[in-house]
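Colleague: I should like to learn how to read a model of this kind feature by feature. Could we take each general idea in turn and then apply it to the case at hand?

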Amino acid sequence: MSSDPRVLRVSIISPAGIGYEGEAEAIVAPAYDGQLGILYGHAPMMVLLGEGELRLRAGRSLHRFHVARGFLQVVENEVTVLAEEARALEGGEVPSGQEAAH
Amino acid sequence: MAKARDIQRRIGSIKSTRKITRTMEMVATSKLRRATQRVEQARPYAVKLQEVIERLVAPDLVELQPILRQPERIARSAVVLITSNRGLCGAFNTNLIRAARELLDRAERDRIEVDLHVVGRKAVNFFRFRGVEMASTRTDISDAPTAEDARSIIEPVARQFVAGEVDAVYLVYSEFRSIMRTPPVARQVLPVFVPEERVRSGPWYILDPSADEILSRVLPLYIINAGYRALVETAAAEQGARRTAMKNATDNADDLTNNLTRLYNRARQAEITQQIAEIMGGSEALVD
């Protein structure tokens, strides 16, 4: 994965600690007004999050988090999710031939 | 003579007390470790939150955000004092109560009315005994405070601030600088003050929704987080104080046991010597 430079650096942080720190190719976040997809090269952005499931794809694995009362910031392919609640849910594998992020 | 037996009874009672203080010391040590971890884990969130606010705040937004309002003069303030529910931790709670009372005294001199909100059974009992009126009391915060606890404490006073009912909010708690240094501090959390030189909002950001709306959501998170940090730092400081207090108690018990054991040996020896002397005296009387 690290051979491909076109990845996002992601950190998910809550008062209880750092929930995730690593790389991801795609993120789907529950923005306050609907789902939001982020890929490499996204413009700098700050967006309010609603309550819901945040998914990120890193290689073949899929990570899921339940987030609430937070927001997301993208700056130069660095994605920071700050949320009062960020709880890891059971992850899984990305089904072959299918995009995790739509 | 029953003296030796008296001493022995005292030694027994000190040893059983020592067993308790030693256990409490060990419990506090393990709780301290977890509490310290919580303090450290809370740090990245606080740092990032501060950064984001500095990015969002623009001078023209200050007027739009009631939470950023800077009152010209303070007529009424709220003090939130955080102490522990349990004692046996040395001067920990006394120091916090003293810091709060200094703040109250100063406010009285400046003719500022104060709402006193108290967290922790120790300070609640203190102020109740003294007949000091408290705006709210909480004794249900555990050793492991959550963001939810912080929200339930901070939100009502933040609402009062926004409504203009209070003009400043202070938190009095134990700052956890290190295990050995946990001074009581009084920190102003409202109004939020962002130094102008730290403001670095850029027009190159996509903001969704507007900066104003995001701020109105982020600022409460920021203030609640200040409350959360105060709770976890005080909880860690409490365990540290308890560990020190219990370690001193255990050491004192050891010293006492040593001294009493020496005393006991001397008393026992004296008894034996006396008994021998009596036997010798008796047998000498029989010889003639």
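Modeller: Let us begin with burial: a residue counts as buried if 20 or more other C-beta atoms lie within 10 Å of its own, as exposed if 12 or fewer do, and as partly exposed in between. Please keep in mind throughout that this is a predicted model.

Colleague: Why does B:Glu271 count as partly exposed?

Modeller: B:Glu271 has 15 C-beta neighbours inside 10 Å, so it falls between the two cut-offs and counts as partly exposed. This residue is found in helix H6 of chain B, which spans residues 211–287. The C-alpha atoms of B:Glu271 and B:Arg217 are separated by 80 Å, with the two positions 54 residues apart along the chain.

Colleague: How far may the coordinates be trusted?

Modeller: Where pLDDT is low, the predicted coordinates should not be read in detail. For chain B the mean pLDDT is 90, and 96% of its residues reach 70 or more. The model as a whole scores ipTM 0.81 and pTM 0.85.

Colleague: Which residues of helix H4 of chain B are buried?

Modeller: In H4(B), residues 121–130, the buried residues are B:Lys122, B:Ala123 and B:Phe126. They lie on the same side of the helix, because they cover an arc of only 90° around its axis. The partners against which the buried residues pack are strand E1 (76–82), helix H3 (92–109) and strand E2 (113–119) of chain B. Just after H4(B), B:Gly131 adopts a positive phi of about 75°.

Colleague: In what order do the strands of the sheet in chain B stand?

Modeller: The sheet is open and has five strands, in the order E3-E2-E1-E4-E5 of chain B, with mixed pairing. Strands E3 (136–138) and E5 (184–190) of chain B stand at the edges; each has a single partner strand, so one side of each is left without a neighbour in the sheet. From one strand to the next, the twist averages 20°.

Colleague: How many bridges join E4 and E5 of chain B?

Modeller: Six bridges join strand E4(B), residues 168–174, to E5(B), and the two run antiparallel. Within this pair, B:Val172 has B:Ala186 in E5(B) as its bridge partner. H4(B) packs on the sheet as well, touching E1, E2 and E3 of chain B, and its direction makes about 135° with that of E2(B).

Colleague: What does the secondary structure of chain A come to?

Modeller: Chain A has zero helices and eight strands, giving the pattern β-β-β-β-β-β-β-β along the sequence. Of its 102 residues, 34% count as buried. A further indicator is the sequence separation of contacts: among contacts in chain A between residues at least 6 apart in sequence, 50% join residues at least 24 apart.

Colleague: Which strands of chain A form hairpins, and where do positive phi values occur in them?

Modeller: E6(A) and E7(A) form a hairpin with two residues between the strands, in which A:Gly59 takes a positive phi near 65°. Strands E6(A) and E7(A), the latter at residues 61–75, pair in the antiparallel sense over seven bridges, and A:Gly52 stands opposite A:Val67 in E7(A). E7(A) and E8(A) form a hairpin that also has two residues between the strands, and A:Glu76 in the turn has a positive phi of about 45°. The antiparallel pairing of E7(A) with E8(A) extends over 13 bridges, with A:Ser61 bridged to A:Glu93 in E8(A).

Colleague: In which sense do E1 and E8 of chain A pair?

Modeller: Strands E1(A), residues 8–14, and E8(A), residues 78–93, pair in the parallel sense over five bridges. Here A:Val10 stands opposite A:Val79 in E8(A).

Colleague: Let us turn to the interface. How many residues does the contact take from each chain?

Modeller: The contact takes 20 residues from chain B and 18 residues from chain A. On the side of chain B, the elements that give two or more residues are helix H1 (3–56), strand E6 (206–208) and H6. H1(B) gives the most, with seven residues. By class, this side of chain B has 15 nonpolar, two polar and three charged residues.

Colleague: Which strands pair between chains A and B?

Modeller: Strand E5(A), residues 45–48, and E6(B) pair in the parallel sense over three bridges. At one position of this pairing, A:Val47 stands opposite B:Asp208 in E6(B).

Technical notes. Residues are numbered from 1 along each chain as its sequence is written. Chains are lettered from A and ligands numbered from 1 in the order in which they are written. This is a predicted model: local features need pLDDT of at least 70, side-chain atom pairs count only at pLDDT 80 or more; totals for chains, interfaces and linings use all residues. Helices (H or I, at least four residues) and strands (E, at least two) are DSSP runs, numbered from the N terminus. The arc is that of the directions from the helix axis to the C-beta atoms. Two residues are in contact if their C-beta atoms, placed from the backbone, lie within 7 Å. Ala, Val, Leu, Ile, Met, Phe, Trp, Tyr, Cys and Pro count as nonpolar, Asp, Glu, Lys and Arg as charged, and the others, Gly among them, as polar. Two strands pair if DSSP finds at least two bridges between them. pLDDT is the predictor's confidence in each residue, from 0 to 100. Axes are lines fitted to C-alpha atoms, for helices over the stretch in contact, and angles run from 0 to 180 degrees between N-to-C directions.
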